[in-house]
Each structure stands twice: as C-alpha cells, then as structure tokens.
Amino acid sequence: MLPDVSALQLLFAQYNALYFGGEIPAHRIAYNARFSNLAGRITYRPPLIELSSKHILRNPESLRDTLLHEMIHAWLFATRGDRGHSAAFKKKMRELGLSSIYHDMGAAREFSLDSKRYVLRCEHCSAEILRRRRPPSLVACARCSRGRYDQRYQLKVYEILGLREVTD
Ligand SMILES: [Zn+2]
Ligand SMILES: [Zn+2]
C-alpha cells in the first residue's frame, strides 16, 4: 500500500528536521503514476518532488532513499544554488547512507529502472562506473592507478536494487 500524500509530507518534515537542520523550504510532494522508468524527480520552481507510485508500490523499501535523494537536491539548491551531483551532494549521500547516484539534466532529476545493476566506486576519487554485471575480478580505478592494477585503488562493488539515476 502506498503511504498517502500527507504521510509523505510528514516524512519530508521529519527528514528535513533530522538530516537537514530544517533548511529545506517547503516542497509539495506528489505521486506521479505516469512515471514508468523514473523513480523520482525534483522540480525547483515551483518546488515539487514527485515519486513514482509504480516504483514505490513495487519497492516500498526504496521510499526513504528516493525521497532523501530528491531532498538532497532540494537542500543544495536552496542553500547554494547547486543542482548537480557535486562533491557536496555525494558527501551528504554518504552521511545519510544512500548508495549511489546517476544522472544529471538541468531542472529534472530522474531515476532509471533499467537493467544495470552494479556500481563500481573508487573510494579515493569518488569515481563511479555503472555495470550490468558484477565484474569477474578485482578492478582498480583507471584514473587513480595509472594503467595497472593497484590494490590501493581497488573499486568497491555495490549492487543496486533496480533503482538508480542515469545521465540522460
Ligand atoms: Zn539526483
Ligand atoms: Zn579513483
């Protein structure tokens, strides 16, 4: 069952107080039943966060992450005009225990539910690579390790449960 919109609004208020010091201005939260391959989207003017009702129904456990992801965008936009997946975005994601990000496109932030399932992440430079399959062997960050396998820059592999953003 989907939480109703007033419950979402309450969740927004709670997360705002708990994780963002109340710095996010009011946003309308709505479901969008037309999203078929998006899980969430933020619009900055007017401030609106839309969640895919299909996606939340299928993956109720993803509600927190989906909402928080869009709230980080809202927070960064409100406090510093930042719309991207910047270093500040990633820092906040890690603080909140969110796994990974993908996408970036002007005003709209969206998730794709395609079949890519793994993220390889370099803890050293924060580079992330999306893969459809788990890599068969240890992989090092190409940017950090200069062409040969270097254990210090081994990429960590995260499995993504069908929810992630993509660059369009
Ligand atoms: Zn995003
Ligand atoms: Zn690296």
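Reading from the N terminus, the elements of this protein follow the order α-β-β-β-α-α-α-β-β-β-α-β-β. That makes 5 helices and 8 strands. Keep in mind as you explore that this is a predicted model. Of the 168 residues in the protein, 47% are buried.

**Two helices and their lengths**

Let's begin with α1, which covers residues 5-19. How does the span of α1 fit with its number of residues? At 1.5 Å a residue, its 15 residues should span 21 Å, and the end C-alpha atoms are indeed 21 Å apart, so the two values agree. You can repeat the check on helix α3, residues 63-80. Its 18 residues should span 26 Å at 1.5 Å a residue, which agrees with the 26 Å between its end C-alpha atoms.

**Helices with two sides**

Which residues of α1 are buried? They are Leu8, Leu11, Phe12, Tyr15 and Asn16. These residues lie on the same side of α1, because they cover an arc of only 135° around the axis. Turn to the other side of α1 and you will find Ser6, Leu10, Ala17 and Leu18, which are exposed.

A little geometry helps here. An α-helix has 3.6 residues a turn, so residues three or four places apart point the same way.

Helix α4, residues 87-95, can be read in a similar manner, with Ala88, Phe89, Lys92 and Met93 as its buried residues. Looking down the axis of α4, you would see these buried residues within an arc of 140°, so they line one face of the helix. Ala87 and Lys91, on the other side of α4, are exposed.

**Helix α3 and its surroundings**

Now back to α3, which is mostly covered, with 13 of its 18 residues buried. Two residues of this helix are good places to look: Leu63 and Leu76. Leu63 counts as buried because its relative accessibility is 10%. For Leu76 the value is 0%, so Leu76 counts as buried too.

Some pairs of residues are separated along the chain, and you can look up how far apart they are in space. Here are three of them, with distances between C-alpha atoms.

| Pair | Separation in sequence | C-alpha distance |
|---|---|---|
| Leu63 and Pro3 | 60 residues | 9.6 Å |
| Pro25 and Thr79 | 54 residues | 9.7 Å |
| Leu76 and Ser86 | 10 residues | 9.4 Å |

Pro25 in this table belongs to the loop between α1 and β1. Its relative accessible area is 42%, so Pro25 is partly exposed.

**Aromatic rings and a charge**

How many aromatic pairs does a search of the whole structure find? The search finds 3. One of them joins Phe20 and Trp75, whose ring centres are 5.5 Å apart; the planes meet at 55°, so this pair is tilted. Since Phe20 lies in the loop between α1 and β1 (28-32) and Trp75 lies in α3, the pair ties together parts that are 55 residues apart in sequence. Are Phe20 and Trp75 buried or exposed? Both are buried.

Trp75 has another partner as well. The charged end of Lys92 sits over the ring of Trp75, 4.7 Å from the ring centre. You have already met Lys92 among the buried residues of α4.

**Two backbone details**

Most residues other than glycine have a negative phi, and most peptide bonds are trans. With that in mind, take a look at Gly81, just after α3, where phi is positive at about 65°. Then find the peptide bond that joins Arg45 and Pro46, which is cis, with omega at about -10°. Pro46 is in the loop between β2 (40-43) and β3 (48-52).

**The zinc site**

Our last stop is the zinc ion (ligand 2). Which residues are its protein donors? They are Cys122, Cys125, Cys141 and Cys144, each through its SG atom, at 2.2 to 2.4 Å from the ion. In sequence these donor residues show the spacing C-x2-C-x15-C-x2-C. The angles among the 4 donor atoms are 106 to 114°, and the site is tetrahedral.

How accessible are two of these cysteines? Cys141 has a relative accessibility of 4% and so counts as buried. Cys144, at 15%, also counts as buried, because buried means under 20%.

Methods. Residues numbered from 1 in each chain as written. Chains lettered and ligands numbered in written order. Predicted model: local features only at pLDDT ≥ 70, side-chain atom pairs only at ≥ 80, totals over all residues. Heavy atoms only, no water. Donors = N, O, S within 2.8 Å, 3.2 Å for Na, K, Ca; no water. Tetrahedral: all angles 85-135°; square planar, octahedral: opposite > 155°, others 65-115°. Buried < 20%, exposed > 50% of the residue type's maximum accessible area, 1.4 Å probe, protein only. Phe/Tyr/Trp six-rings, centres within 6.5 Å; stacked < 30°, edge-to-face > 60°. Helix = DSSP H or I, 4+ residues; strand = E, 2+ residues; numbered from the N terminus. Lys NZ or Arg CZ within 6 Å of the ring centre and 35° of its normal. Expected span 1.5 Å × (residues − 1). Arc of directions from axis to C-beta.
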